[in-house]
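Biologist: Could you walk me through this one at an easy pace? I'd like to start with the charged side chains and then move on.

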Amino acid sequence: MRSQVSAAQLKRTLGRADLRAVPESRRALRELLRDWGSTERSEVAELLTSELVTNALVHTDHEAVLTATVGPGGLRVEVRDFVAGEPRPRVPCADGTHGRGLVLVESLADGWGIRKHGVGKSVWFELDADAAA
């Protein structure tokens, strides 16, 4: 896993099916958000990031790229994979361990979406800065 952190951006390449990247991504995001907003808002960002990272690693057989940017307007997190097919929110399984990722993103993020690329797609969410204060 290669990573790069600056004052306002985190970019990390996630190895194929490397689920160790989930807690490592959370820790890197926590460091990026150290001085941003409330603890609760940062925890929401970590949760949503781990859901997107997990989805990309579990539902593809390729590496993925995590990018998080903090700016005056807020936080944007994007996870790009290299597989066609658009993810959709679905009803979580009865045991609560599968199917909740995009439902959480949809309900907790201020904005989210899917952007198609020539190869693969990016799933992103945003949290507004105003709500972080």
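Modeller: Let me begin with a term we will need: a salt bridge is a side-chain nitrogen of Lys or Arg within 4 Å of a carboxyl oxygen of Asp or Glu. Please keep in mind throughout that this is a predicted model.

Biologist: Okay, so what do the side chains of Lys121 and Asp81 do?

Modeller: They meet in a salt bridge, with 3.0 Å from N to O. This pair links distant parts of the chain, since Lys121 lies in strand β6 while Asp81 lies in strand β4, which covers residues 74-81, and the two are 40 residues apart.

Biologist: And are Lys121 and Asp81 buried or exposed?

Modeller: Both Lys121 and Asp81 are buried.

Biologist: How many salt bridges does a search of the whole structure find?

Modeller: The search finds ten. One that involves a helix is formed by Arg41 with Asp110, whose closest N and O atoms are 2.3 Å apart. Here too distant parts of the chain are linked, because Arg41 sits in helix α2 and Asp110 in the loop between α3 (101-108) and β5, 69 residues apart.

Biologist: Why is Arg41 called buried and Asp110 partly exposed?

Modeller: Buried means under 20% relative accessible area, and exposed means over 50%, with partly exposed in between. Arg41 has a relative accessible area of 13%, so Arg41 is buried, whereas Asp110 has 40%, so Asp110 is partly exposed.

Biologist: Which residues are linked in a network of salt bridges?

Modeller: The network links Arg76, Glu78, Arg115 and Glu126. Within this group, the side chains of Glu78 and Arg76 meet in a salt bridge at 3.3 Å, N to O. Glu78 counts as buried at 15% relative accessibility, while Arg76, with a relative accessible area of 26%, is partly exposed.

Biologist: Switching topic, how far does helix α2 reach?

Modeller: Helix α2, which covers residues 39-58 and has 20 residues, reaches 28 Å from its first C-alpha to its last, and this is close to the 28 Å expected at 1.5 Å a residue. Its buried residues include Ala45, Leu48, Leu52, Val53 and Leu57, but also charged ones such as Arg41 and Glu46.

Biologist: Last thing, how do strands β5 and β6 run?

Modeller: Strand β5 (residues 111-116) and strand β6 (residues 121-128) run antiparallel and are joined by six bridges. Ile114 stands opposite Val123 in β6. The hairpin of these strands has four residues between them, and Gly120 takes a positive phi near 85° there.

Conventions: Residues numbered from 1 in each chain as written. Predicted model: local features only at pLDDT ≥ 70, side-chain atom pairs only at ≥ 80, totals over all residues. Heavy atoms only, no water. Pairing = 2+ DSSP bridges. Expected span 1.5 Å × (residues − 1). Buried < 20%, exposed > 50% of the residue type's maximum accessible area, 1.4 Å probe, protein only.
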